[in-house]
Amino acid sequence: TIEEITLRTILDSRGNETVEADIYTSRGFGRAAAPGGASTGTYEAKVRPPREAIENAREHLIPSLIGEDACDQITFDALLREIDGTPDFRSIGANVAVALSLACAKAAASSLDLELFRYLGGAFASETPLPLGNIIGGGAHAPNATSIQEFLVVATGASGATEAVFVNAAVHKTVKKILQAQGKLTGKGDEGAWAPAITDAEAFEVLGEAIGIVSDETNLEIRMGIDMAASELWDGEHYRYRDAVRNRDDQITYVADLVDRYNLVYVEDPFFEEDFEAFADLTASVQDRCLVCGDDLFVTNVERIIQGIETGAANCVLIKPNQIGTLTDTFEAIRLADENGLETVMSHRSGETTDATIAHLGTAFGCIFLKTGVVGGERIAKLNELIRIEELI
Ligand code: PGA
Ligand code: ZN
């Protein structure tokens, strides 16, 4: 039984305010914080400014949640939706909703003396996702850097998540050396990826070289992926890059060519968030060798994922609990993807806290990858938790 709930405003990794929730039950405790995006999808659940959202929740929401059973996640989440009364949490704020929903699950796990991944995944949760790490980036996460938002790696040949975590770190360090030698090393973006003022083609070359070096050292297969966050590039008529302009058809050809040229294992949001047809064209041509993943396209929303399934838009769904607002909705999105043969990737946001819940969710729900950066306190909080979970499994 939920006895007490505390909401507070805390810092996120960009120095912005965000919401943290503490839930006390008679026998347990759960704490969770809401992350925040920079390249947010149009159809995401709506965030409210933390201070005003918390004040509102104290008055209109928290009293109704006291006395609820934390182990009945579905009822707890349904209550959040019912009290909010809108389809996108604009009333109580998706940041308040997701912090409470995740804190509820953690309080329930704690009162049963279970790890969160075990509580949610049960006895058969037996594998951790592999970390998908952001090595070089720009877009909305770093000014004057690459146009493609994220150049990612995943150690597909690793024996498990722990080995893969260190491989990603080695690639990150190797890229630093290469950029330094070229006199192009600058700072890092919001997710800890290097943010040099280079073109996308140069970034592919640098990352390819680093992958070559690290895979020779480790004897492991390491593959490249990208998040184009193409809604940020699309101006209504064209995709605008630092060094190029592409129309819709050019973009389809360009991305398909990148998949082959760089043996990409993963391409996220290669087209703007309305263009299910372009997604479907690309998916049809590369699905045997590459995951085509929808982030802004699907926003962890069952209705949009159904549209994606009906149109063949993707073979992978990015999962961000804060895009939809509750753990129940997050679970439903994953179940729908699973039932239809789509892979799922559990993901951080560019604005994060040290909350490591997504490492548990990715394991409990059988996601193929955990997308959570490579370095930086708020990123390694998740990666180190993944290492601990793998040890327990
Ligand atoms: P965001 O970026 O958290 O800024 O939306 C991450 C992503 O696009 O995957
Ligand atoms: Zn994305």
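Two residues are taken to be in contact when heavy atoms of one lie within 4.5 Å of the other's. In this predicted model, Leu207 meets that criterion with Ile135, Ile136, Phe151, Leu152, Val153, Val171, Val175 and Met224, once residues up to four places away in sequence are set aside. Leu207 also turns up among the best-connected members of the largest nonpolar core: of its 126 residues, Leu100, Val171, Val175, Leu207, Leu264 and Tyr266 touch the most other members. Helix H4 supplies the largest share of this core, with 13 residues. In soluble globular proteins, nonpolar side chains do tend to be buried together.

Met224, one of the contacts of Leu207, sits in strand S6, which spans residues 223–227. Is Met224 buried or exposed? With a relative accessibility of 5%, Met224 counts as buried, because the cut-off for that label is anything under 20%. Beyond its neighbours within four places in sequence, Met224 touches Leu152, Phe204, Leu207, Gly208, Ile211, Tyr262, Asn263, Leu264, Val265 and Tyr266. Leu264 and Tyr266, both in that list, are also among the core residues that touch the most other members. Val154 is 70 residues away from Met224 along the chain, yet their C-alpha atoms are 6.6 Å apart.

These residues belong to a stretch that UniProt, in an unreviewed entry, annotates as "domain: Enolase C-terminal TIM barrel", residues 125–393. The C-alpha atoms at the two ends of that span are 8 Å apart, and its make-up is 43% helix and 15% strand. Further along the same span, strand S9 (residues 266–268) runs parallel to strand S10 (residues 291–294), the two being joined over 3 bridges. Across this pairing, Val267 stands opposite Val292 of S10. In a regular strand the side chains alternate between the two faces of the sheet. In S10, Leu291 and Cys293 point one way while Val292 and Gly294 point the other, and all of them are buried.

Now for the other annotated region. The unreviewed UniProt entry lists "domain: Enolase N-terminal" for residues 2–120. Here the end C-alpha atoms lie 18 Å apart, and the span is 42% helix and 20% strand. An open sheet of 3 strands is formed in the order S1-S2-S3, with antiparallel pairing. S1 and S3 (29–33) are the edge strands, each pairing on one side only. On average, neighbouring strands of the sheet are turned by 15 degrees against each other, direction ignored. S2 and S3 are linked by 5 bridges in the antiparallel sense, and Tyr24 stands opposite Phe29 in S3. H4 packs on this sheet and touches S1, S2 and S3, its direction making about 150 degrees with that of S3.

Helix H1 (residues 50–60) is two-sided. Its buried residues include Pro50, Ala53, Ile54, Asn56 and Ala57. Why do they end up on the same side of H1? They cover an arc of only 165 degrees around the axis, and that puts them on the same side of the helix. Arg51, Glu55, Arg58 and Glu59, on the other side of H1, are exposed. The packing partners of the buried residues of H1 are strand S1 (2–11), strand S2 (17–25), helix H2 (62–65) and helix H4 (94–111).

Terms used: Residues are numbered from 1 along each chain as its sequence is written. Chains are lettered from A and ligands numbered from 1 in the order in which they are written. This is a predicted model: local features need pLDDT of at least 70, side-chain atom pairs count only at pLDDT 80 or more; totals for chains, interfaces and linings use all residues. Side-chain values use heavy atoms; hydrogens and water are left out. UniProt positions are given in the numbering used here, feature names are shortened, and annotations may be inferred rather than shown by experiment. Helices (H or I, at least four residues) and strands (E, at least two) are DSSP runs, numbered from the N terminus. Buried means under 20% relative accessible area, exposed over 50%, partly exposed in between (1.4 Å probe, protein chains only). The arc is that of the directions from the helix axis to the C-beta atoms. Two strands pair if DSSP finds at least two bridges between them. Axes are lines fitted to C-alpha atoms, for helices over the stretch in contact, and angles run from 0 to 180 degrees between N-to-C directions. A nonpolar core is a set of buried Ala, Val, Leu, Ile, Met, Phe, Trp, Tyr and Cys residues joined through side-chain atoms within 4.5 Å.
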